[in-house]
Amino acid sequence: MKISYHGHSVVRINTNGKTILIDPFITGNPQTDLKAEEVKADVIILTHGHDDHVGDTVDLAKRNDALVIATHELAAFIGRHGVKTHSMNLGGSYQFEFGKVKLTQAYHSSGYIPENQEPIYLGMPAGVLFMSEGKTIYHAGDTALFSDMKLIGERHPIDVAFLPIGDNFTMGPEDAAYAAKLLKAKKVIPIHFDTFPPIKQNTNEFLSMLEEQNGIVLKPGESLEL
Ligand code: NI
Ligand code: MN
């Protein structure tokens with residue numbers, strides 16, 4: 001399995017001959033190395049309905065005939081644009097041909113605010129556990145630190161955890177380092193930082209706060225073989 005980071009919260013997983021994209025915010029993402037019109041995806045998994053996570057989902061899904069996996073309300077909302085969807089909800093898992101997906105709790109919000117209109121409710125925000133080839137990847141989505149991360153770590157041996165460290169909208173570096181400890185993740189990769197001025201962070205400081213965890217900073221475009 002190959003996992004790559006593409007700036008902000010964009011993670012790509014290549015496994016079983018399929019390309020899975022999590023939170024493909026490409027257009028307008030100053031951190032990404034990807035070009036929206038060239039990106040290939042068989043599957044798109046969304047953590048929540050905010051613009052910096054849904055991003056190019058509809059265009060990418062249409063062009064690639066990709067399946068979009070998300071919580072029920074978000075999947076229904078995306079599905080209205082003529083895209084194939086698979087709806088799930090927190091705590092539920094499903095064995096797809098390319099791997100198993102389980103949605104976890106995330107302590108955040110999830111809605112879409114059309115210009116000059118009231119917000120549209122898009123269900124609960126989520127984290128994603130992705131299991132394939134005997135490995136488990138955890139993408140925390142946008143979240144605060146919460147104590148049930150310990151439960152997630154006890155129930156699932158996490159090989160790699162993608163954790164937000166940007167602060168302001170999500171956990172900051174100190175809480176993310178504590179989260180890594182609760183999750184007992186073997187490797188920790190920081191995400192959701194430096195994209196916008198309020199989430200500017202020093203990744204070396206974050207790495208120094210980790211205890212046993214093997215922290216790895218991936219630059220956009222860099223990948224890891226598992
Ligand atoms: Ni968000
Ligand atoms: Mn976000």
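How are the donor residues of the nickel ion (ligand 1) spaced in sequence? I looked this up in a predicted model and recorded the pattern H-x1-H-x57-H-x33-D.

**Entry 1: the nickel site.** I identified the coordinating atoms of the nickel ion (ligand 1) as His48 (NE2), His50 (ND1), His108 (NE2) and Asp142 (OD), at 2.2 Å. I then examined the angles among these four donor atoms, which run from 90 to 175°, and I entered the site as irregular. I noted that distant parts of the chain are linked here: histidine 48 belongs to the loop between strand E4 (43-45) and helix H1 (51-54), and aspartate 142, 94 residues apart from it, to the loop between E12 and H4. I found histidine 48 and aspartate 142 both buried.

**Entry 2: the manganese site.** For the manganese ion (ligand 2) I listed the protein donors Asp52 (OD), His53 (NE2), Asp142 (OD) and His192 (NE2), at 2.1 to 2.3 Å. Their spacing in sequence reads D-H-x88-D-x49-H. I placed aspartate 52 in helix H1 and histidine 192 in the loop between E14 and H6, so this pair ties together parts 140 residues apart in sequence. Aspartate 52 and histidine 192 are buried.

**Entry 3: the bridge.** Which residue coordinates both ions? I found that aspartate 142 does, with the nickel ion (ligand 1) and the manganese ion (ligand 2) 3.2 Å apart.

**Entry 4: helix H5.** I turned to residues 173-183, where the buried residues include Pro173, Ala176, Ala180 and Leu183. Among the elements that cover the buried residues of H5, I recorded strand E12 (135-139), helix H4 (149-155) and strand E14 (187-191). Just after H5, I noted a positive phi of about 50° at lysine 184.

Key. Residues numbered from 1 in each chain as written. Chains lettered and ligands numbered in written order. Predicted model: local features only at pLDDT ≥ 70, side-chain atom pairs only at ≥ 80, totals over all residues. Heavy atoms only, no water. Buried < 20%, exposed > 50% of the residue type's maximum accessible area, 1.4 Å probe, protein only. Helix = DSSP H or I, 4+ residues; strand = E, 2+ residues; numbered from the N terminus. Contact = heavy atoms within 4.5 Å. Donors = N, O, S within 2.8 Å, 3.2 Å for Na, K, Ca; no water. Tetrahedral: all angles 85-135°; square planar, octahedral: opposite > 155°, others 65-115°.
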